[in-house]
Amino acid sequence: MHHFTALADVPDLGALLETAEAVSRHPHSTPALGRHKTLGLIFFNPSLRTRLSSQRAAHNLGLDVMVLNAGTEGWALEFGDGAIMDGDKAEHIKDAAAVMGRYCDILGVRTFPGLKDREADYQEEVLEAFKRYAGVPILSLESATRHPLQSLADLITIRMHTPVPKPKVVLTWAPHVRALPQAVPNSFAEWMNGAAAAGQVEFVITHPPGYELAPAFAGSAPIVYDQHKAFEGAHVIYAKNWSSYTDYGKILIQSREWMVTPDKMALTDQAKFMHCLPVRRNVVVADAVIDSPASIILDQAANRVVSCQAVLQHMLMG
Ligand code: CP
């Protein structure tokens, strides 16, 4: 595998999942695969899980790691081709990415959307510039439109916790106080639609009207506007807030009615509760759910190491 920025970058998902299972059982079985190689982690935005899990995964493989908090500690970057750089941008991405590519064998990049200009965000300007200029494989640490390391960890977690052959997986919108990107739900939908096409899950999306995901990500998943109905018979409830795609970047409702509560979980078939974290407790989900035995958020977070290590292994093997 060369880049890892979307499901389409994975040539053989079955092989990647097999690697993930092996990593899960024996995380230290290939301590020399990354010897004398360096992983650069470039953060334009904050992170807890992605930052720590990718370092842990890299160390398990013998990789050296360098971290740059580019959003706060790097030079302000210009992305415009042919720009006359007489403003506040000190360095062009063409030079910065190429230099980082000389220092590192793989570059991980986290870059959130601005949520102002949908076309610009969905063109993935930053990630695409790294792909174009760095000259080394690019690992998405969450981009404007996707979070594939999270989605792979989610898939691993669902496989681990749902013994039924074709679990009903429900992605539910939940309230939040801030406008959040669509990257996690987009990516989750992309991976779950793939699993649904392979007959491995039944995938349903529930959200209030106005929160439809981009058609390329929602795919053919049924959209159920009644959250209670969507929860009926579910084996996995995956909660996440996102801002509107159609009224781009806007919060359309603040209603707590969409919070995940014990009453709603009671409608499911003893569903597991998932969230990628960080989560606003008692806004997105009630304490009584997230602290219950149904909650698998910690396994989900722990599987971020597994997903990253499996992906790095496949990138290192070419
Ligand atoms: N879920 C996730 O990516 O967490 P961080 O933003 O803390 O990395």
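In the predicted model, helix α4, which spans residues 93-103, has I93, A96, A97, M100 and G101 as its buried residues. These residues cover an arc of only 135 degrees around the axis, and they therefore lie on the same side of α4. The face of α4 turned away from this buried side carries R102 and Y103, which are exposed. The packing partners of the buried residues of α4 include five strands and a helix, namely β1 (38-43), β2 (64-68), β3 (77-78), β4 (91-92) and β5 (106-110), together with α6 (125-133).

Aromatic contacts were examined next. A search of the whole structure gives nine aromatic pairs. One of these joins Y122 and Y248, whose ring centres are 6.3 Å apart and whose planes meet at 75 degrees, so that the pair is classed as edge-to-face. Because Y122 belongs to helix α5 (residues 118-122) whereas Y248 lies in the loop between β10 (236-240) and α11 (262-265), the pair ties together parts that are 126 residues apart in sequence. The two partners fall into separate accessibility classes: Y122 has 22% relative accessibility and counts as partly exposed, while Y248, at 10%, counts as buried. An edge-to-face arrangement is also found for the aromatic pair of F188 and F203, with 5.9 Å from centre to centre and 75 degrees between the planes. This pair links distant parts of the chain, F188 being located in helix α8 (residues 183-197) and F203 in strand β8 (residues 202-206), 15 residues apart. Both rings belong to buried residues, since the relative accessible area is 0% for F188 and 4% for F203, and the cut-off for burial is under 20%.

Y122 and Y248 are also members of a cluster, linked by ring pairs, that includes F217 and Y245. The ring of Y245 has, in addition, the charged end of R118 sitting over it, at 3.9 Å from the ring centre. A similar placement is seen for R51, the charged end of which sits over the ring of F43 at 4.3 Å from its centre.

At the level of the whole chain, 13 helices and eleven strands are present. The radius of gyration is 20 Å, which agrees with the value near 20 Å that a compact globule of 318 residues would have. Along the principal axes, the C-alpha atoms fill a box of roughly 55 × 50 × 35 Å. Buried residues account for 55% of the 318 residues, and, of the contacts with a separation of 6 or more, 79% are between residues 24 or more positions apart. The accessible surface of the chain amounts to about 13900 Å², with 52% of this area belonging to carbon and sulfur atoms.

Several features of the backbone geometry remain to be described. Most residues other than glycine have a negative phi, and most peptide bonds are trans. The peptide bond from L277 to P278, however, is cis, with omega near 5 degrees, and P278 is placed in the loop between β11 (272-274) and α12 (287-290). A positive phi of about 65 degrees is found at H36, although this residue is not a glycine; H36 lies in the loop between α1 (13-25) and β1 and, at 74% relative accessibility, counts as exposed. L115, likewise not a glycine, has a positive phi of about 60 degrees. L115 occupies the loop between β5 and α5, and its relative accessible area of 14% places L115 among the buried residues.

How values were computed. Residues numbered from 1 in each chain as written. Predicted model: local features only at pLDDT ≥ 70, side-chain atom pairs only at ≥ 80, totals over all residues. Heavy atoms only, no water. Buried < 20%, exposed > 50% of the residue type's maximum accessible area, 1.4 Å probe, protein only. Helix = DSSP H or I, 4+ residues; strand = E, 2+ residues; numbered from the N terminus. Arc of directions from axis to C-beta. Contact = heavy atoms within 4.5 Å. Phe/Tyr/Trp six-rings, centres within 6.5 Å; stacked < 30°, edge-to-face > 60°. Lys NZ or Arg CZ within 6 Å of the ring centre and 35° of its normal. Rg over C-alpha atoms; globule rule 2.2 N^0.38 Å. Areas by Shrake-Rupley, 256 points an atom, 1.4 Å probe, with all protein chains shown as cover.
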